[in-house]
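Colleague: Could you take a close look at a single helix for a first-year student, and describe carefully how it sits in its surroundings?

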Amino acid sequence: MEISIYITYLVVFLIFVSGISLCLVKNLMHAALLFLCILLCLAMLYIINNAEFAAISHILIYIGGVLIIILFGIMLSRMDDILLKDKHILLNITLLSTSIIIFVLISITLFKIRFDEMFLHFQLSSVSAPTTNSNVKSLAFVMLTEYIVPFEVSGILLLFALIGAAFISQNYRHKIL
Amino acid sequence: MSQLILFLLTSAFLFSIGVYLVLAKNNFIFILIGIELMLNAANLNLIVFSKFNPQLQGQIFVLFNLLIAACETALVLAIIINVNKYYQSISTEKITSLKG
């Protein structure tokens with residue numbers, strides 16, 4: 001129990017550090033690596049929150065798919081854009097304060113909500129205790145009975161998206177754009 | 001209780017970082033990373049609140065979100081490669097006209 005709390009603090013600290021450095025970094029490749037760090041920490045948080053299946057599929061899809069596609073995009077684009085220039089300093093300060101205001105507003109709202117009244121019947125003190133039984137089995141059961149139609153529709157959506165991506169990025173040498 | 005607030009603050013932080021990246025960077029791939037960060041913030045919220053729900057609706061929704069994110073990334077990267085072929089750049093400053 002104690003160890004899981006320490007691991008949570010460490011992971012959240014890592015997310016904050018790599019998020020702030022993601023805002024400051026100029027090199028696209030370094031940004032992709034910081035994004036990888038954030039994704040791994042998020043998978044860790046999912047496991048801490050008893051969502052093992054979501055954590056594993058998060059790692060498979062994001063790190064195995066999305067990050068590889070982003071790296072390919074970096075490698076296939078022009079090299080002189082990798083080191084990007086900043087916008088004007090006043091504009092940058094305005095945008096930074098915009099995102100800070102968003103963060104502060106969400107935080108104030110979170111601290112105003114009484115979560116312990118909302119989840120009164122759920123025994124919030126035992127939340128961080130690890131459960132022995134995994135929920136993969138019940139997840140699979142719900143996925144293939146109650147949510148079977150969205151599951152199949154999302155498979156078709158993925159197929160269409162991949163066909164569309166392959167169609168868009170094909171070589172147009174013999175056609176007029 | 002404090003852990004719940006900690007996770008939600010992390011999610012808010014990821015969302016605001018994503019907003020900053022989308023607004024401030026002038027590179028398409030940075031903007032894509034920002035959008036993915038915002039999606040991940042929503043996913044973290046769903047996972048955290050799904051712990052209180054024995055019917056696991058939050059985790060199901062996270063799985064569909066992951067799939068949408070994968071589709072979106074593939075399409076955006078295809079568009080980025082095409083734009084790079086046409087304008088020889090992926091900076092948002094240099095792309096100033098639609099349809100050539």
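Modeller: Helix 2 of chain B is mostly covered, with 18 of its 23 residues buried, and this is a statement about a predicted model. The length of the helix can be checked as well: at 1.5 Å a residue, the 23 residues of helix 2 of chain B should span 33 Å, and because its end C-alpha atoms are 33 Å apart, the expectation and the model agree.

The next thing to look at is a partner in the other chain. Two packed helices are described by the angle between their axes and the distance between the axes. Here the axes of helix 3 (residues 52-76) of chain A and helix 2 (residues 28-50) of chain B come within 12 Å, and they cross at roughly 175°. Angles over 145 degrees count as roughly antiparallel, which means that helix 3 of chain A is roughly antiparallel to helix 2 of chain B.

Where the two helices meet, helix 3 of chain A brings A:Ala54, A:Val66, A:Ile70, A:Gly73 and A:Ile74, while helix 2 of chain B brings B:Ile29, B:Leu32, B:Glu36 and B:Ile47. Sorted by class, this contact between the helices holds seven nonpolar residues, one polar and one charged.

This pairing can then be placed within the whole contact between the chains, which takes 68 residues from chain A and 59 residues from chain B. On the side of chain A that touches chain B, the largest share, 13 residues, comes from helix 3 of chain A. By class, that side of chain A has 45 nonpolar, 19 polar and four charged residues.

Note on methods
Residues are numbered from 1 along each chain as its sequence is written. Chains are lettered from A and ligands numbered from 1 in the order in which they are written. This is a predicted model: local features need pLDDT of at least 70, side-chain atom pairs count only at pLDDT 80 or more; totals for chains, interfaces and linings use all residues. Axes are lines fitted to C-alpha atoms, for helices over the stretch in contact, and angles run from 0 to 180 degrees between N-to-C directions. Helices (H or I, at least four residues) and strands (E, at least two) are DSSP runs, numbered from the N terminus. Angles under 35 degrees count as roughly parallel, over 145 as roughly antiparallel, 65 to 115 as roughly perpendicular and the rest as oblique. Two residues are in contact if their C-beta atoms, placed from the backbone, lie within 7 Å. Ala, Val, Leu, Ile, Met, Phe, Trp, Tyr, Cys and Pro count as nonpolar, Asp, Glu, Lys and Arg as charged, and the others, Gly among them, as polar. The expected span of a helix is 1.5 Å times one less than its number of residues. A residue is buried if 20 or more other C-beta atoms lie within 10 Å of its own, exposed if 12 or fewer, and partly exposed in between; C-beta atoms are placed from the backbone.
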